[in-house]
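This report goes through a protein model by topic, beginning with its charged pairs and moving on to its packing, its surface and its backbone. The structure is shown first, and the discussion follows.

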Amino acid sequence: MPNFNYKITIVIYMVIMSIIGFASMGIDKKRAINKKWRTPEKTLFIIAFLGGAAGSVLGMRIFRHKTKHMKFVILMPLFLVLQIAALLFICIMY
């Protein structure tokens, strides 16, 4: 049985979730401009909370999306800080 490296798996998971978070911000911004159906805010928060905070924060900055909504301005970076802390804890402690 091959040696399973869970640290690499966690990092890959977070990268994939960040790509999804970034894309979801870009897609929602484009839909907002075109006055089309929007991604629910709850969905954007769930994606960020489940590991996509880095991409979501980057998407907020690059697409200038949700930057005037205080709950996004506060919670998205908070999720990012918590995810970085958790990742560091996992990588250092185990």
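## A buried aspartate and its partner

In this predicted model, aspartate 28 counts as buried because its relative accessibility is 0%, and yet its side chain takes part in a salt bridge with arginine 38, where the closest N and O atoms are 3.0 Å apart. The pair links distant parts of the chain, with aspartate 28 in helix α1 (residues 6-33) and arginine 38 in the loop between α1 and α2, 10 residues apart. Arginine 38, for its part, counts as partly exposed, its relative accessibility being 33%.

## The network around glutamate 41

A search of the whole structure finds three salt bridges, and glutamate 41 takes part in a salt bridge with lysine 66, for which the closest N and O atoms lie 3.1 Å apart. This pair again links distant parts of the chain, since lysine 66 sits in the loop between α2 and α3 while glutamate 41 belongs to helix α2, 25 residues apart. Lysine 66 is buried at 9% relative accessibility, whereas glutamate 41, with a relative accessible area of 24%, is partly exposed.

Glutamate 41 also meets the side chain of lysine 71 in a salt bridge, at 2.8 Å from N to O. That contact connects helix α2, where glutamate 41 lies, with helix α3, which holds lysine 71, across 30 residues. Lysine 71 is partly exposed, with 44% relative accessibility. Through shared partners, the salt bridges join Glu41, Lys66 and Lys71 into one network.

## The nonpolar core

Which residues make up the largest nonpolar core? It consists of 10 residues in all, namely Met25, Leu44, Phe45, Ala48, Ala53, Val57, Met60, Phe72, Met76 and Phe79. Helices α2 (41-63) and α3 each supply at least two residues of this core, and α2 gives the most to it, with six residues. In soluble globular proteins, nonpolar side chains tend to be buried together.

Methionine 60 offers a view of the packing around one core member: leaving aside its neighbours within four places in sequence, methionine 60 is in contact with Met25, His65, Lys66, Thr67, Phe72, Val73 and Met76. Lysine 66, described above as a salt-bridge partner of glutamate 41, is thus also among the contacts of methionine 60.

## Helix α3: buried residues and span

Within α3, the buried residues are Phe72, Met76, Phe79 and Gln83, and the buried residues of this helix pack against α1 and α2. An α-helix has 3.6 residues a turn, so residues three or four places apart point the same way.

The span of α3 can be checked against expectation: at 1.5 Å a residue, its 24 residues should cover 34 Å, and its end C-alpha atoms are indeed 34 Å apart, which agrees.

## A nonpolar patch on the surface

Phe4, Tyr6, Ile84, Leu88, Phe89, Ile92, Met93 and Tyr94 form a nonpolar patch on the surface, and together they have about 910 Å² of accessible area. Helix α3 (residues 70-93) contributes the largest share of the patch, five residues. Isoleucine 84, one of the patch residues, has its place in helix α3 and counts as partly exposed because its relative accessibility is 45%.

## Two positive phi angles in the loops

Most residues other than glycine have a negative phi. Lysine 35, however, has a positive phi of about 55° although it is not a glycine; lysine 35 lies in the loop between α1 and α2, and at 75% relative accessibility it is exposed. Arginine 64 likewise has a positive phi, of about 50°, without being a glycine; arginine 64 is found in the loop between α2 and α3 and is exposed, with a relative accessible area of 65%.

## The protein as a whole

The secondary structure comes to three helices and zero strands, which read along the sequence as the pattern α-α-α. The C-alpha trace spans about 50 × 25 × 20 Å along its principal axes.

Of the 94 residues in the protein, 29% are buried, and the accessible surface comes to about 6,500 Å², of which 74% belongs to carbon and sulfur atoms. Among the contacts with a separation of 6 or more, 73% are between residues 24 or more positions apart.

Technical notes
Residues numbered from 1 in each chain as written. Predicted model: local features only at pLDDT ≥ 70, side-chain atom pairs only at ≥ 80, totals over all residues. Heavy atoms only, no water. Patch = residues over 30% accessible without salt bridge, like charges linked within 9 Å, V, L, I, M, F, W, Y side chains within 5 Å. Areas by Shrake-Rupley, 256 points an atom, 1.4 Å probe, with all protein chains shown as cover. Salt bridge = Lys/Arg side-chain N within 4 Å of Asp/Glu carboxyl O. Helix = DSSP H or I, 4+ residues; strand = E, 2+ residues; numbered from the N terminus. Buried < 20%, exposed > 50% of the residue type's maximum accessible area, 1.4 Å probe, protein only. Core = buried A, V, L, I, M, F, W, Y, C linked by side-chain atoms within 4.5 Å. Contact = heavy atoms within 4.5 Å. Expected span 1.5 Å × (residues − 1).
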